[in-house]
Number of protein chains: 2
Amino acid sequence: MIPKADRLQHVKEYYFSRKLREVRQLKAAGKPVINIGIGSPDLDPPLSVSRAMKNALEQNHIHGYQSYQGLPELRNAIAAFYLQHYYVKADPDKGILPLMGSKEGIMHISMAFLNAGDKVLIPNPGYPTYASVTNLVQAKPVMYDLVEDNNWFPDLVALAKTDLSKVKLMWVSYPHMPTGSKPTKELFEQLVAFGRKHQILIINDNPYSFILNDTPMSILSVPGSKDVALELNSLSKTFNMAGWRVGMVLGSAQNIQSILEVKSNMDSGMFYGIQQGAIAALNSDENWFKNLNSTYIDRKKVAWQIADILGCTYDKNSAGLFIWAKLPEGKKAEQMADELLYKYDVFLTPGTIFGSNGEGYIRISLCVKESILSEVLQRLLLTNQ
Amino acid sequence: MIPKADRLQHVKEYYFSRKLREVRQLKAAGKPVINIGIGSPDLDPPLSVSRAMKNALEQNHIHGYQSYQGLPELRNAIAAFYLQHYYVKADPDKGILPLMGSKEGIMHISMAFLNAGDKVLIPNPGYPTYASVTNLVQAKPVMYDLVEDNNWFPDLVALAKTDLSKVKLMWVSYPHMPTGSKPTKELFEQLVAFGRKHQILIINDNPYSFILNDTPMSILSVPGSKDVALELNSLSKTFNMAGWRVGMVLGSAQNIQSILEVKSNMDSGMFYGIQQGAIAALNSDENWFKNLNSTYIDRKKVAWQIADILGCTYDKNSAGLFIWAKLPEGKKAEQMADELLYKYDVFLTPGTIFGSNGEGYIRISLCVKESILSEVLQRLLLTNQ
C-alpha cells in the first residue's frame with residue numbers, strides 16, 4: 001500500500017458530506033426531511049445561457065482544446081461586466097483570467113503564492129475551503145476573528161499588532177459568507193492599505209455581490225489596489241450557474257501571470273459552449289437582477305419568520321443567499337441543528353462549520369422555494385402551539 | 001509586490017506556447033503556415049454527444065452543483081466501457097472517479113501521494129506535464145530512459161539497480177506518447193510486479209488506446225494490479241472531445257478515496273450536460289471506432305510520405321495520433337523543425353520537447369485533414385525537385 005501524502009492528514013470529511021449522508025438515511029427511512037442548509041441556487045440561469053450553448057453546438061470546430069486564458073470574447077465580456085457593475089477597469093488580455101469556478105482559483109492562488117510554512121489570514125467565520133486549501137499546500141492558516149459587534153469586519157488595528165512576518169495572503173469575502181455583511185468603501189480601502197503596508201496579498205472572494213444587494217462593490221475599485229489585491233468572482237450565484245463551473249480572477253498582470261503558470265499545468269481551457277453560455281449570462285440586462293432578487297426577497301421574508309419562531313435575531317440588511325441568525329442566549333448551534341433535524345425533519349446549517357465564531361448562529365438558505373420554506377414554518381408553528 | 005511561490009521557479013514557458021506565438025506572428029505577416037504539430041483532434045464527437053447535451057438543457061434542475069464523484073450513471077457507463085473494451089471490472093462506486101480531463105488527474109494524484117522531496121519516475125521521452133506537475137508539488141522528477149531499441153519500454157532491470165528508496169510514483173503511458181509504442185501484457189505485468197516490489201504507485205496514462213490500435217489494453221487487466229496501479233483515461237482522443245474536459249481515474253477504493261480528498265478541495269463536479277454527453281460517447285458502438293480509425297489510416301499514409309521525403313524512418317505499427325519519425329543521421333530535431341517552418345511554412349514538433357531522448361526525432365500530428373497533409377507533401381516535393 002502506497003501511503004497518501006502528509007498534506008492530506010489535515011483533510012477531514014466535510015461536515016456537510018457527513019450530515020447529508022445522515023439526511024439521505026433519514027429520507028430512505030421515510031422521514032420527510034426538508035433541506036434548507038445548502039447554497040446551490042435552485043433557480044434557472046437566464047434563458048440566453050442554454051440558448052448560447054445550443055447555438056455553439058451547431059458551430060464547427062468547437063470540440064477541441066480551448067485556450068488556458070479563455071476566449072477573448074469571454075474576457076471582454078468580463079471586462080465590460082466589471083466596468084458596468086463595479087466601475088472597475090480591467091485589462092481583458094492581462095488582468096482577467098477565466099476559471100472553472102472560483103473554487104479552483106483558491107487552489108491556483110495558493111499554489112502560486114504560498115511556500116510551505118507561509119501563513120495565511122483566514123476569516124472566522126468563513127468559507128471552510130480557504131483553510132483546507134491552505135493546509136493542502138502545507139501553509140499555515142491563521143484565523144482572524146470576525147464579530148457581529150464590528151459588523152463582521154476584521155479588526156485590522158489589532159491584526160497589525162500581531163506577528164505578520166510570515167503572512168503572505170489574506171482571504172476576505174465581502175459581501176461576507178455566511179453572515180451576509182456588506183462591504184464599505186472604507187473597509188476595502190483599509191484592506192488595501194493593510195496589504196500594502198505588510199506586503200500581504202488581499203484576495204476578495206466576491207460571488208454574492210448581486211444577491212439582495214443594491215450596491216455591488218469590488219475591492220479593485222480602490223485606486224492602486226491591483227498591486228496588492230486580487231478578486232475572485234463567479235457566475236454560480238449571480239446567474240444560477242453553479243454547475244456550469246465558471247469563475248474568474250482579476251488583478252495585476254504580474255499576479256494573473258503567476259496564477260496562469262499554475263493553471264496551465266493543472267487543467268485546460270473551458271469547453272467552448274460553456275464559455276458562450278457565460279458570455280450570454282454576463283450580457284444580461286438589469287431586469288435579470290431585479291427579477292432574481294424579487295424572488296429572494298419573497299423567500300427572505302419567510303426565512304425571517306422561521307428565524308423569529310426559533311427566537312433568533314438577524315440583520316435585515318444582509319446580502320447573499322443566506323439568513324445568518326443568532327440563536328437565543330445559551331443555545332448551541334449544532335444542538336439546534338440536531339433538534340430541528342430530529343424533531344421537525346428540517347436540516348439547516350449550524351454556524352460552527354464556518355469556524356468557532358459561528359457558535360450560537362445558524363444559517364438558513366434562500367435556495368429553497370418559498371412554498372418549502374412555508375412548509376418549514378408550518379411544521380415549527382404547529383408543533384410550537 | 002508579493003513574490004510568487006518557490007514552486008514556480010521551475011515552470012518555464014511551454015515550448016508550444018512560445019513557438020505558436022511565433023507561428024501566429026508569421027501568419028500575421030502573411031506566411032501560409034500549416035500547423036501539423038499539435039494533438040487536438042479536429043474531427044467531431046459522435047452526434048449523440050451534442051444531442052445528449054441539448055436534451056440535458058431541456059431538463060429541470062440541471063444547473064446546480066454536481067457531486068464530486070459525478071453522476072452514478074456516468075460511473076456506471078465508465079465501468080461498462082472498461083468491461084467491454086479492456087475486460088477490466090471496476091467498482092463504479094468506489095473504484096472510478098470522473099475528472100475534468102485526465103490532465104487534472106496528474107495534479108490530483110501528485111497532490112494525493114507526494115511529499116516535498118519524494119521522487120517520481122518519469123519517461124524520457126514523454127508528456128512534459130508529468131515533470132512540471134512533479135516540480136509544482138516540490139517532488140523530484142527522476143527521468144528514466146526509453147529507447148527505440150527496447151521498443152520504448154522502460155528497462156526495469158536497470159531501474160531496479162538504482163536507488164528507489166525515495167520513489168513514490170512512476171508515470172507510464174502506453175500506448176506511448178509521443179512514440180506510439182503499444183503495450184504488451186508482459187510489460188504491464190512487469191510494471192505491476194516492479195511497483196509491488198518497490199512500493200511504487202504505477203500510473204498508466206491511457207488516452208490513446210483506441211487510436212490506430214486494434215487491441216486496447218489497460219494496466220488494470222493485470223490480476224492484483226489495483227493495489228499498486230492507477231489508470232488515467234480520457235474522452236479527448238477516443239471521442240474527439242478534448243474541449244469537453246472529461247477524463248477518469250480508476251484504481252483501488254483506497255487510492256481513489258485519497259484522490260477524491262484532494263479533488264473535493266480543489267473543484268466541484270462536472271456540469272450535468274457534459275456528463276450526459278460523456279455517457280452518450282461511452283455508449284458508442286463499434287462503428288464509431290471503425291470510422292474514426294479509417295480516417296486516421298488515410299491520414300497516416302500521407303504523413304508517412306512526408307516522413308519519407310524528409311528521409312525519416314518510423315514504425316508502421318504505432319498507435320496514437322502521431323507519427324514519430326527518426327531523422328536522418330546527424331540531423332537535429334529543432335534544427336529540422338525550424339528549417340521546415342522557415343523554408344516551407346510548415347510547423348511540426350521537434351522530439352526534444354518530450355525530453356532529451358527525443359533528440360533526432362520529429363512528431364507529425366494526424367489531427368490534420370488529409371488534404372492539408374497533402375498540401376504539406378506538395379510543398380516539400382515541389383521544392384525538393
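**Cis prolines, domains and the two-fold pairing of chains A and B**

P125(A) sits in the loop that runs between β3 (119-124) and α5 of chain A. What makes this spot worth a look is the link from N124(A) to P125(A): the peptide bond is cis, with omega near 5 degrees. Since the model is a predicted one, this is a computed geometry. Chain B offers another case, where Y174(B) and P175(B) are joined by a cis peptide bond with omega at about 0 degrees. P175(B) lies in the loop between β5 (167-172) and α7 (185-198) of chain B.

Two other loop residues stand out for their backbone angles. H61(A) is not a glycine, yet its phi is positive, near 55 degrees. The loop holding H61(A) connects α2 and α3 (72-86) of chain A. H61(A) counts as exposed because just 11 other C-beta atoms lie within 10 Å, the cut-off for that class being 12 or fewer. In chain B, D345(B) is likewise a residue other than glycine with a positive phi near 55 degrees, and its place is the loop between α11 (333-344) and β11 (346-347). With 17 other C-beta atoms within 10 Å, D345(B) is partly exposed.

Now for the overall layout of chain A. The chain splits into domain 1, made of 6-44 + 287-384, and domain 2, which covers 61-282. Their centres, taken over C-alpha atoms, are 26 Å apart. Where the domains touch, domain 1 of chain A puts in 26 residues and domain 2 of chain A puts in 27 residues. On the domain 1 side, the elements that give two or more residues are α10 (286-309) and β10 (322-326) of chain A. The largest share of that side, 4 residues, belongs to α10(A). By class, the domain 1 side breaks down into 11 nonpolar, 10 polar and 5 charged residues.

The helix α10(A) deserves a few words of its own. Its 24 residues reach 35 Å from first C-alpha to last, close to the 34 Å expected at 1.5 Å a residue. Buried positions in α10(A) are L292(A), R299(A), K300(A), V302(A), A303(A) and I306(A). An α-helix has 3.6 residues a turn, so residues three or four places apart point the same way. After α10(A) comes G311(A), and the phi of this glycine is positive, near 75 degrees.

Finally, how do the two chains pair up? A rotation of 180 degrees, with 0.0 Å of shift along its axis, lays chain A on chain B at an RMSD of 0.0 Å. The two copies are therefore related as by a two-fold rotation axis. In chain A, K54(A) has the C-alpha nearest that axis, at 3.2 Å.

The contact between the chains takes 58 residues from chain A and 58 residues from chain B. On the chain A side, α2 (47-58), α4 (102-113), α5 (129-136), α8 (253-266) and α9 (272-282) are the elements that give two or more residues. The largest share, 6 residues, comes from α4(A). Sorted by class, the chain A side has 29 nonpolar, 16 polar and 13 charged residues. The copies meet through the same surface, because 100% of the interface residues of chain A are also interface residues in chain B.

Conventions:
Residues are numbered from 1 along each chain as its sequence is written. Chains are lettered from A and ligands numbered from 1 in the order in which they are written. This is a predicted model: local features need pLDDT of at least 70, side-chain atom pairs count only at pLDDT 80 or more; totals for chains, interfaces and linings use all residues. Domain bounds come from an automatic or database domain assignment. Two residues are in contact if their C-beta atoms, placed from the backbone, lie within 7 Å. Ala, Val, Leu, Ile, Met, Phe, Trp, Tyr, Cys and Pro count as nonpolar, Asp, Glu, Lys and Arg as charged, and the others, Gly among them, as polar. The expected span of a helix is 1.5 Å times one less than its number of residues. A residue is buried if 20 or more other C-beta atoms lie within 10 Å of its own, exposed if 12 or fewer, and partly exposed in between; C-beta atoms are placed from the backbone. Copies are superposed by least squares on the C-alpha atoms of residues with pLDDT of at least 70 in both.
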